[in-house]
Amino acid sequence: MNDNRNFDHVVWKSTNSNHITPFWFYKELDEIFHFDLDAATDEDNPQGTRKYYTPKDNSLVQSWSGTVWLNPPYSRKKSEPADFIAKAYKESLKPDCQVVMLLASRTGNKWMQDLIFPLADGILFIRGRLKFEGEEHSAPFDSILVFYGMNDSSYIDEVSKYGYYINLK
């Protein structure tokens with residue numbers, strides 16, 4: 001019998017549910033998308049987006065517009081990140097809102113099956129594992145970019161240098 005309890009403990013152990021996007025990665029994506037809003041950042045706004053929502057602002061009750069960057073908390077709580085994903089989709093239905101979202105790649109999760117595969121415009125499976133800011137090692141999980149409300153497909157060639165893009169529409 002194979003006992004994976006020790007492996008699972010290491011993979012899922014986290015002292016912080018906020019993983020700060022690698023600065024280089026955000027900067028390169030910002031050059032493509034020109035983000036107007038960071039919908040889930042810390043009080044010090046490490047990416048430097050002009051408009052941003054912190055946990056105190058509760059972006060889940062705010063209105064989003066423009067091109068939105070979203071790297072939601074990576075909590076194992078039942079409601080996260082599903083609440084953020086549902087909000088991203090809802091906001092992307094507005095004609096003036098596009099969302100680019102960074103998530104852990106968890107293809108079997110309910111939120112992935114119900115909110116991303118049937119509703120997103122596309123997914124980019126990022127090649128390799130990201131090393132989040134302030135972390136000593138790369139993440140113990142793969143990451144994806146999810147796209148909602150994209151008005152055209154001109155971004156696909158540019159983001160494909162980071163991994164494999166799958167069009168869902």
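Which strand is Cys 97 found in? Read on to Figure 3 for that one; the model shown throughout is a predicted one.

**Figure 1. The whole chain, with five helices and seven strands.** Going along the sequence, the elements come in the pattern α-α-β-β-β-α-β-α-β-β-α-β. The protein chain has 169 residues, and 45% of them are buried. If you take the contacts between residues at least 6 apart in sequence, 68% of them join residues at least 24 apart. The accessible surface adds up to about 9500 Å², with 49% of that belonging to carbon and sulfur atoms.

**Figure 2. An open sheet built from seven strands.** Start at β2 and walk across: the order is β2-β1-β3-β4-β6-β5-β7, and the pairing is mixed. At the edges sit β2 and β7, each of which pairs on one side only. Look at the β7 end and you'll find strand β5 (residues 122-126) running antiparallel to β7, with five bridges between the two. For a landmark in this view, pick Gly 122, which stands opposite Asn 167 in β7.

**Figure 3. Cys 97 and its surroundings in strand β4.** Here's the reply to the opening question: Cys 97 belongs to β4, which covers residues 97-104. Is Cys 97 buried or exposed? With a relative accessibility of 1%, Cys 97 counts as buried. Setting aside residues up to four places away in sequence, Cys 97 touches Trp 64, Ser 65, Gly 66, Val 68, Glu 91, Ser 92 and Gly 149. One of these, Val 68, is 29 residues away from Cys 97 in sequence, yet the C-alpha to C-alpha distance is 7.2 Å.

**Figure 4. Lys 87, Glu 91 and Lys 94, joined into one network by salt bridges that share partners.** Lys 87 lies in helix α3, residues 82-92. Despite being a lysine, Lys 87 counts as buried, at 9% relative accessibility. Beyond its neighbours within four places in sequence, Lys 87 is in contact with Ser 59, Leu 60, Val 61, Gln 62 and Trp 64. Glu 91 is buried too, with a relative accessible area of 6%. The side chains of Glu 91 and Lys 94 meet at 2.5 Å, N to O. Lys 94 is partly exposed, at a relative accessible area of 26%. Glu 91 also turns up in the previous view, as one of the residues that Cys 97 touches.

**Figure 5. Two more of the salt bridges, out of a count of four.** The side chains of Asp 36 and Arg 50 make one, at 3.5 Å from N to O. Asp 36 sits in the loop between α2 and β1 (37-38), while Arg 50 sits in the loop between β1 and β2 (51-52), so this salt bridge ties together parts 14 residues apart in sequence. Asp 36 is partly exposed at 29% relative accessibility, and Arg 50 is exposed with a relative accessible area of 69%. The other one in this view links the side chains of Lys 110 and Asp 114, at 2.5 Å from N to O. Both of those residues lie in helix α4 (residues 110-116), four residues apart, or about one turn of the helix. Lys 110 is exposed, with a relative accessible area of 65%, whereas Asp 114 counts as partly exposed at 36%.

**Figure 6. Phe 25 and Tyr 162, an edge-to-face pair.** A search of the whole structure turns up 12 aromatic pairs, and this view picks out one of them. The ring centres of Phe 25 and Tyr 162 are 5.2 Å apart and the planes are at 90°, so the pair is edge-to-face. What does the pair tie together? Phe 25 is in helix α2 (residues 23-33), and Tyr 162 is in the loop between α5 (155-159) and β7 (163-167), so the pair links parts 137 residues apart in sequence. Both Phe 25 and Tyr 162 are buried.

**Figure 7. An aromatic cluster, plus a charge over a ring.** Tyr 26, Phe 33, Phe 35, Trp 69, Phe 147, Tyr 155 and Tyr 165 form one aromatic cluster. For the charge, go to Arg 106: its charged end sits over the ring of Phe 141, 5.4 Å from the ring centre.

Notes. Residues are numbered from 1 along each chain as its sequence is written. This is a predicted model: local features need pLDDT of at least 70, side-chain atom pairs count only at pLDDT 80 or more; totals for chains, interfaces and linings use all residues. Side-chain values use heavy atoms; hydrogens and water are left out. Rings of Phe, Tyr and Trp (its six-membered ring) pair if their centres lie within 6.5 Å; planes under 30 degrees apart count as stacked, over 60 as edge-to-face and the rest as tilted. Buried means under 20% relative accessible area, exposed over 50%, partly exposed in between (1.4 Å probe, protein chains only). A charge sits over a ring if NZ of Lys or CZ of Arg is within 6 Å of the ring centre and within 35 degrees of the ring normal. Contact means heavy atoms within 4.5 Å. Accessible areas come from the Shrake-Rupley method with a 1.4 Å probe; for residues, only the protein chains shown count as cover. Two strands pair if DSSP finds at least two bridges between them.
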